[in-house]
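Student: Could you take me through one part of this structure up close? I'd like to see how its strands are put together and what sits against them.

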Amino acid sequence: MVRLRNNYILPCLHGCLHPQVVSAGVGRPRVIVGTSGQYFILSSRLCCKACRKTWFADSPRWLEKLPKRFTNLLPAFLTYKKAICKSVMDELRRTGKSPTDMANQVNELMHLKYERAHLAYLHAIENVRDAEAGVYGQRTIGQFLRKENQPRAFGPYNNQSGWGGVSVSGFYLTDCLLEEFKRQEPAMSRLLQGTFGCVFRSDHTRKVARKVTLASGVMSSYAVMNENWLIVSWVMVQSEAERSLEPMYQGMAKRYSNAGVEKAGYHWMDRDCCAAFKIPDCILDEHLHWDAWKTTPSIVAGATSGRQLNTCASRSHYNNNIVVKLDLFHCLRRFSRECTSEHHPLFSTFCQLLSAAFSVVDQADLKRLQDAYRFCGIHPANPTKQHTREHCRIKIPHPTELLDRVEKVLNHFHLATDPNNVPLFKPSMLKTWRIQRVHILRGCLSDPELSEGIMYRYGGTLQLNHVPGEGAKVPIWIPVRGTSQQEGYHFHQAHWVTGTHVSPELFQAQGMTGVARWNYQRLVDLKQPGVILPAVFDPALMCELNAASMRVTGQEKYAAFLLSDRDTGERFGLQYSEPGCRPVPLDWDKHRSQKRDEPAALMPPPPLQTPAAPAEDKAPDVAPPFSWTLPSGVPYPGPAPSVRHPLSAGALPKQDMAPEEVQDPPAAIEISHALPLPPTSSPRSARTGPIKTGGRVLVLDHTRWTAPMKVAIDSLLQKHHGEKDLLKLVDQDYAAMVHQSATDPNSLLHPTTRLHISRYVKHLAKLLNTSSSLNTSQEKLLDTQQLWHSLTEGSETASVPVVTMEAAVVNPPTPALSTPLTQGSLEKIVEGILEKQQQQQQQQQQQHQPEQKRRQTKTCLACGQPKSRYETDGSSIHFFYQQGPVRYFYCSKKVHQSYAAEGLSDPKMPFEQFVNTDFFRRELEETKKRVEEKDTAQVLIAPLPKQNLVLKTVLKMFPQLSPLFLLLFLGMTMTMT
């Protein structure tokens, strides 16, 4: 350990006014558990001369009295008996693992080190015995000096006189994690209090709230996010009413006022966006008539008249002028919930058209994206949905246009059915439409009209498909509206709190740490120029580092890592005080008074938290696993009703259980002891997935199902037809059938999943859909296409060009009769060829105008190699010879093929040797004859301009034609003329 100069008066553990602390001898060793094993530290024994009392230097109570510059040198967090290395706590906070998983990981690492040491010990003994036996050439005399040949045992893992290994329990790591959170909590709270934003997005969720169990019931998590996806505030509420959020928004208003920052002007919510209104229930079979869906002027007047602003907490206690909007995602989800099933054949088409009705793509951005597609060589230039969402701005139109677009979609689908006459819409869809229609007419969904363009945040540019060049550069637009990013935050938040049921203290520690880490990671992802952030997340460490750097060097190391300089009194998570509800008790010191034996520390924690029983009902030497400490002066409210697991057998009263239910269920025993399923014989067509037999096995999708599998699943679908959770019941029954047939090696029932059963149901629906269910007729197909075009075209602000799709022709026209070749048709063909050639030449000249035209190397017709002497693979030799008007191209392979029968044997003869042979003279004479015949043909066709044009074109296209054929062709054309 690094040693500092001792110029500091050490304090006394017992609080003496004039301490005189000196060393009183060597202290005790303390074992420290780390990620790479265990090690020891030796602490001194200290004594105070004033009070004559002694203690050890590693006492946690005495270390708390020392300044930070001393305690920062310690490599571990010290507790009463044990110590945990800082590397373990850093790994626990970074990975987000549960304390139990981290304890198992550390124990496994330490046991691995012990087993490897035991193996090394046995190998050393074998080495000594081999040396004594003369295996290495010379025998040693060690065996004659030993009294016994039996080696000493290595000893067990926890032998204190031997290896001395220790074990870490999940309870111990939980206590250490809570202690570390108490140290980090002030910095985390100040970091969250220093977060601001111009746009708010808020939403409730119960995904993470189900993991904390309280006597008051299940809570809800409520978070407010800004335009940069940073969490401005996070609280846990027991009621989802607006009254429960008033203290939170009051604290946010105080935060903005103290900092002098302009308050946010826009707020997207999942509900309560406007004043309350009432929609009456629908009459029976009213949804079957389209008149009930239409929007009349009286409906418009009733929705837009009167008070429209709501009295939500953000408007009444934060900003009176804030504009509250309804999130589009929640609106679309309310429509989709009123469909009969997600597996309905028309469900995906309805969702696609409904989403297109609510959004209009900006035309300029779409054209820029299409140009980038063409620049990258992607044809046709039809941008994908993902690229359109990332690189094009989308606007929700004004209420009048939006109402007309949505009504078109509902008119198209309000009576749609599948092959079994199952309608797409539930009867309650009409009331949902009437409710959402009010929000549309009041402008709760339409984008606000702004000149600054706050609805999108510019995220830089991207090279499409990693193609270099300015043409492939497209912008990235990050939407600000809506709460879609909140759903991703909810997914991560549910993973921060590990386990299924945790104590309130552990929930607060893990949840608050996750929120602070989320905000820090979003700051890193912004990549602001000139902003330097640390590569690690430790708010307390960074705060102390900046303070020490300011004192020593006069400037902060990380100036961008700022914390709030004043406490606004806001509380987050379970510490939030909700009006009208009892506060959640958080006893951070209860773990200090607990006395757990080592066997008890190895047992898993109880799944649920129950209130502490009176002291007289407990044994005096046993502490309860969970307890609540009430402040002094507050009377005990009495025992709360016990909370038990809903699936536990003890939660059911004995009088409510039937006699046969008390007996052992044989089916459950049979399933729990089922043999593992064998792997499939076709791994390339199988997919891996979890299965109820335990482990991961190969499962088959519906395209690879065997005949017995299809028969079994078809029978189960018929059995549970019309029941709720059809796929879940079929999956459970089929899994039981697979378990029962697992012992049969000839069974053809292979495992599958509910996802593949769902795809099989959709596949069956497509096979049955041959008439009016999906309306694949030409008339209905054209109607659907026209609806899609009307949603993507004709907007006042932006439009998406869509090519009109005509219905497929059933009876194609008969092919036209072939016409005889005439002089006029021949001239038209030649003129068309010449025009195409001229157009191609002009395009090439425009593209390569600044560059010199590259010479094209022709290939030899005999060997297929380039005629250039520098671009050959060595299979033949080429040479160009010219004498007067005669031009001769020499190819060694061609000459060898022509004169091999006459004695020419070398296929790679150089031209210098070929000149001295008789074959060269023969080749030269044949070349002269061809030149003379070509000149004669040019003289004959010179007086005829039209025929000259035709023959020149034919010569360009077919240069290998003989002059005799050209003369015959010329005579035929003259006769026709």
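Tutor: Start with strand β7, residues 220-225: 6 bridges tie it to β8, and the two run antiparallel. Keep in mind as we go that this is a predicted model. Within that pairing, Ala223 sits opposite Trp234 of β8. In general, the strands of a sheet are paired through backbone hydrogen bonds, in either a parallel or an antiparallel way.

Now zoom out a little. β7 and β8 belong to an open sheet of 5 strands, ordered β8-β7-β6-β9-β10, and the pairing in it is mixed. The edges are held by β8 (231-237) and β10 (323-326); each has a single partner strand, so one side of each has no neighbour in the sheet. Going from strand to neighbouring strand, the turn is 20° on average, if you ignore direction.

What lies across these strands? Helix α7, residues 246-259, lies across β6 (199-205), β7, β8 and β9 (266-269). Relative to β8, helix α7 runs at about 155°. With angles over 145 degrees counting as roughly antiparallel, that makes α7 roughly antiparallel to β8.

So, to put the picture back together: β8 is an edge strand with a single partner, it is joined to β7 by 6 bridges, and α7 lies across both of them, as well as across β6 and β9. If you want one pair of residues to find on screen, look for Ala223 and, opposite, Trp234 in β8.

Terms used:
Residues are numbered from 1 along each chain as its sequence is written. This is a predicted model: local features need pLDDT of at least 70, side-chain atom pairs count only at pLDDT 80 or more; totals for chains, interfaces and linings use all residues. Side-chain values use heavy atoms; hydrogens and water are left out. Two strands pair if DSSP finds at least two bridges between them. Helices (H or I, at least four residues) and strands (E, at least two) are DSSP runs, numbered from the N terminus. Axes are lines fitted to C-alpha atoms, for helices over the stretch in contact, and angles run from 0 to 180 degrees between N-to-C directions. Contact means heavy atoms within 4.5 Å.
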